[in-house]
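Here are a few friendly notes to read alongside the model. Take them one at a time, with the structure open in front of you.

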Amino acid sequence: MSPTPLNEFNVVTKDSSRVEILFGYCYPSTYRAGMTGLALHIFYATLNSRDDTSCERYFRYDTSSPSHSVESNRPLKDNHIVGFSLTYEEDIINLIQMLEHGNIPVVVKKRDKNDPIVIVGGPVVSANPEPFVNFIDAFVIGDGDLIVHDIVDAIKDSDSREEAMTRLSELSGLYVPTKPKSSVSRNIISDLNSLPYPTTQIIPDVPEGSHLESVFGRSFLLEVTRGCGHSCRFCLIGHICRPRRTRSLKRLKELINLGREDTPTSKVSMIGSSLGDLDGLEELVCWTVEQGLKVSVPSLRADSVTKSLLDCLVMSGQRTLTIAPESGSTRMRNLMGKGLDDTDIDNAVEVAKEAGYSSLKLYFIIGLPEETDEDVRATVDMITKIGKTSGLKVTASVNPFIPKAQTRWEREPQPPIAEIRRKIQIIEKGVKGTSRVTVETLDPRNARIQAALSLGDRSLGPVIRQASEYGGLGGWRRAEKETKIPLFSIANDAERLKGQLPWSFLSK
Ligand code: SF4
């Protein structure tokens, strides 16, 4: 089957007979989602910078086949290494389906010397790889770009699959379940400035608004920071990517200049959590706009929003301000360690209005530990007040609390699905009739699956495998019934979470 004729800039295609290692970089979801992620661009550039390696891409959706590469139609199974980035827990289903389509045995113990070594990295497995050990040969814990060359060298220098697995298990930050160790460390790059950065990024040549275009549009991705200096109790990034690291202003400007030469785009999408904490964000954004480039920044903390920053962002074409109050209740924000008061949020909204923004996106969580109906009503009050007074279009994204491994709320149970639904209804009914306000929510059943996959252990293997046969929400229910593994109740089983945690062997 020939691949979809995707026209892309900056694609690398090597003669596979002239390299020693074939690497299949896989994103277990859509082309659009995969191309939006910085990891793809980092690994693609890093691996193809080696004369001995050819890296080609595979996606679950939007290309003609999940088992043939975009670049040269290379079968997935022909690779020596198949590497996945797992960003969302539920994508494990897509990952398994990609292996199956690619004719690679799904279960580790059925693989032999003719099969690629399957490696997975990303935040999900860095927090807790245990639910996935049946399917994955090795997990990257922490920053993968620190170790990618060591992985390739270990496999290239091995005479057998067994030797490769032993060598991988000896690397810092690599977890090989078949070679257990009492503790596995996490790789954290301390100096982002010294790290090579992909200034030549792949851009699909598609019309604006195409479903193949990155979420940020046609843009150069600029990683400004990694990790976060805050540590909100529920937040995975605030816990597993510590400490917060940042590139210097000088280096960031240098990268923008290189990026505009190497990547055909006139927009820079800045990547990083809580970017407003960066000394000099305003200078960086305004300088980028002065270079004639558009800029987008992700969600900002309300207490970091300033008029001059937003003025520059408006000049660069940004019209929606995204902030995450998390709760309308000051008590809840204090409990979760958010460190924002009502005035910070009011000021951010006011400044957005003055700067000429047309809309606001606000993120909230419901079902948090110790949350009462009064706290939920405080969220209703906050949304309606902002809707009525700001004059801006307001989208409130209200998501259920998902306890995550390695966070300070890792032992907190998720409320029952009915309780989450009830709280969502309080919000939906409460804001109904407020003009220009819409509410988006995540289905509590998906939140329940995500929490189970975040908190679970290796006993989940059979239910995951079975669910991958069926797909969809109904598939998870059916798999639970057939395997009798209580996936849907794991995240609110407070007793189970009192014992030793499955990820306790990962050093913090
Ligand atoms: S919620 Fe935002 S501010 Fe809090 S730790 Fe996470 S990324 Fe940082």
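1. How much area does the protein expose, and what share of it do carbon and sulfur atoms supply? The exposed area is about 20,300 Å², and carbon and sulfur atoms supply 49% of it. Accessible areas here come from the Shrake-Rupley method with a 1.4 Å probe.

2. A word on the basis: this is a predicted model, where local features need pLDDT of at least 70 and side-chain atom pairs count only at pLDDT 80 or more, while totals for chains, interfaces and linings use all residues. Residues are numbered from 1 along each chain as its sequence is written, and side-chain values use heavy atoms, leaving out hydrogens and water.

3. Now the interior. Of the 508 residues, 58% count as buried (under 20% relative accessible area, with a 1.4 Å probe and protein chains only).

4. Next, the disulfide, meaning a pair of cysteine sulfur atoms within 2.5 Å. A search of the whole structure finds one, and it joins Cys 286 to Cys 312, with an S to S distance of 2.0 Å. The torsion about their S-S bond is about 105°, so this disulfide is right-handed. Because Cys 286 lies in helix α9 (residues 281-290) and Cys 312 in helix α10 (residues 307-315), the pair ties together parts 26 residues apart in sequence. Helices are DSSP runs (H or I, at least four residues), numbered from the N terminus. Both Cys 286 and Cys 312 are buried.

5. Finally, Cys 26 is in no disulfide: the nearest cysteine sulfur, that of Cys 55, is 9.0 Å away. Cys 26 counts as buried, at 0% relative accessibility.

Note on methods: Buried means under 20% relative accessible area, exposed over 50%, partly exposed in between (1.4 Å probe, protein chains only). Helices (H or I, at least four residues) and strands (E, at least two) are DSSP runs, numbered from the N terminus.
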